[in-house]
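Q: I am new to this structure and would like a close look at a single part of it. Please take one residue as the starting point and work outward from there.

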Amino acid sequence: NNSIILKNRPEGKPSMDNFHFKETEKPAAEEGEILLKAIYVSVDPYLRGRMRDEKSYIPPFKLDEPISSMIVAEVVESNNDNFKQGDFVSGMLEWKIFQTSNGEGLNIIDKELAPLSAYIGILGLTGITAYLGLEKIGKLKKGETLLVSGAAGAVGSVVGQIGKLKSCKVVGIAGSDEKIRTLQQKFNFDAGINYKDTEDMETSIAKACPDGVNVYFDNVGGEILDAAIANMNKYGRVINCGAISLYNAKEQPAGPRLETTLIKKSLSMQGFTVRDYFEDFPAAIKQLGEWLKNDKIEYEETIVEGFNQIPQAFIDLFEGKNKGKMIVKVA
Ligand code: NDP
C-alpha cells in the first residue's frame, strides 16, 4: 500500500520536493468499517491553500500526514451495514491506495447514472461551485453579458455553459488559443480571450464585451480581476470564487485599487465558498444531472494515470496543463 504525505510546506510554486511517498501496510476493516480502494482522485487549486499553515475555512494539512481530497473509491470489504462490497463512494479521503473508513461523510454513487469520474467534476464540487456561484451571487438575467476567467477549467467551463443556457452572452478568459477554440466550439461560448497573448486585458475585454460586463465569475484574481472590474456595467456583480494567480504568491499584491469604481457603478463583489451551501447541493446535482442527461451541458476531463502521478497532476494545475477537470486515475 502507498500513501502520499506532505513533507514540507511549499514556498511559491509547489514542487515534487514537498511530497513524500510512504509505504504502509494494507489496513483491515474492523467492526463497523469499510475497506476502500481509490479509483479517481481529484486534484484542486484550493489544496495549495491547505498546504499553508494558515487559518482558513478549512484547516491546513499537517506535516508528515497524508493529504486528502475528493476521491471516488470502491468498497472492497464491508463490516458496515450501510455499505456492501462493490459499492462505489465519493468523499473527502486520504491520498492512499487502500484506506478504511467508518463511512461518515461518504456518499454511495450511481455508476449507471454517470461515469464514476463525473462525481468529482461535473456532478461533484466543481460543477456545484459553477452552478451555485451563479445562482446565489451572479443572479444572471437573460440577455446579460457574463465574463468568466479560468474558463477552460473545471469550474469555468461549466459556468459559461450555464450562462448560455440562461440566454446570456458569454465570454471566457483562458491561457491558450487551443483552449479558446474549445470554449467556442465545444462549450458554445460567444468569444474568448487568451490572456497569455494579450498585452492589455482591459482593452481586450472591452472589445470582446461591447455592451460591458454584467456578471464576472472570477477564478483567478489579480490583474485580470482589475481589468474585468474596469469593464463592469452599472449594478454589475462580481463572484469571487477563486484567485489562482495569487495562490503561489509569497506576498499578496496591493489592490484592486478600486477608487470610486464600485460606488459609481453600484457594483457588488462577493466572496463565494461552496461549502457555505451544503443544503443546496442536492438541488444543484439534480439540475446538473438533468442538463447532462438531456445533452444540454458538456464536460471535459484530463485524466492522468497512476497513483504516483497525483502530486505532479496537482502541480500542473498552475501551468494550465489541464483541460476541464484534472483527475488522477489510480491504476
Ligand atoms: P481549473 O480546472 O480551472 O484549473 C486551474 C486553471 O487555472 C488552469 O488550468 C489554468 O488555466 C488556470 N491558471 C493557472 N495559473 C493561472 C494564473 N496565474 N492566471 C490565470 N489563470 C491561471 O481549476 P478548478 O476549476 O478546480 O478551480 C477554478 C478556481 O475556482 C480556482 O481558483 C479554485 O480555487 C476555485 N474554486 C473555488 C471554490 C469555492 O468554493 N470558492 C470551489 C472550487 C474551486 P489557463 O491555461 O487558462 O491558465
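A: A suitable starting point is Cys241, which sits in the loop between E12 and H7. The model is a predicted one. Cys241 is buried, because 28 other C-beta atoms lie within 10 Å and 20 or more are enough for that label.

Leaving aside residues up to four places away in sequence, Cys241 touches Thr129, Gly133, Val155, Phe217, Asp218, Asn219 and Phe272. Val274 is 33 residues from Cys241 in sequence, while the two C-alpha atoms are 8.6 Å apart in space.

Next comes the sheet. E12 belongs to an open sheet of six strands, in the order E10-E9-E8-E11-E12-E13. The pairing in this sheet is parallel. Its edge strands are E10 (residues 191-194) and E13 (residues 268-271), and each of them pairs on one side only. On average, neighbouring strands of the sheet are turned by 15 degrees against each other, with direction ignored. In general, the strands of a sheet pair through backbone hydrogen bonds.

One pairing can be followed down to single residues. E8 and E11 run parallel and are joined by three bridges. Leu146 has Val215 in E11 as its bridge partner.

A helix lies across part of this sheet. H6 crosses E8, E9, E11 and E12, and runs at about 165 degrees to E11. H6 spans residues 222-230, and its buried residues are Ile224, Leu225, Ala227, Ala228 and Ile229. The cover over these buried residues includes the strands E8 (145-149), E9 (169-174), E11 (213-218) and E12 (232-240). Helix H5 (201-208) and helix H7 (261-264) are also among the elements that cover them.

The last part of the picture is the ligand. It is surrounded by 31 residues, of which the closest are Gly153, Ala154, Gly175, Gly242 and Gly320. Helix H2 (125-138) and helix H3 (154-165) are the elements that give two or more residues to this shell. By class, the shell holds 16 nonpolar, 13 polar and two charged residues. Both domain 1 (2-121 + 300-329) and domain 2 (125-275) supply residues to the shell, at least three from each.

To return to the start, Cys241 is a buried residue in the loop between E12 and H7, and E12 is one of the strands that H6 lies across.

Definitions and conventions
Residues are numbered from 1 along each chain as its sequence is written. This is a predicted model: local features need pLDDT of at least 70, side-chain atom pairs count only at pLDDT 80 or more; totals for chains, interfaces and linings use all residues. A residue is buried if 20 or more other C-beta atoms lie within 10 Å of its own, exposed if 12 or fewer, and partly exposed in between; C-beta atoms are placed from the backbone. Helices (H or I, at least four residues) and strands (E, at least two) are DSSP runs, numbered from the N terminus. Two residues are in contact if their C-beta atoms, placed from the backbone, lie within 7 Å. A residue is near a molecule or strand if its C-beta atom, placed from the backbone, lies within 6 Å of it. Ala, Val, Leu, Ile, Met, Phe, Trp, Tyr, Cys and Pro count as nonpolar, Asp, Glu, Lys and Arg as charged, and the others, Gly among them, as polar. Domain bounds come from an automatic or database domain assignment. Two strands pair if DSSP finds at least two bridges between them. Axes are lines fitted to C-alpha atoms, for helices over the stretch in contact, and angles run from 0 to 180 degrees between N-to-C directions.
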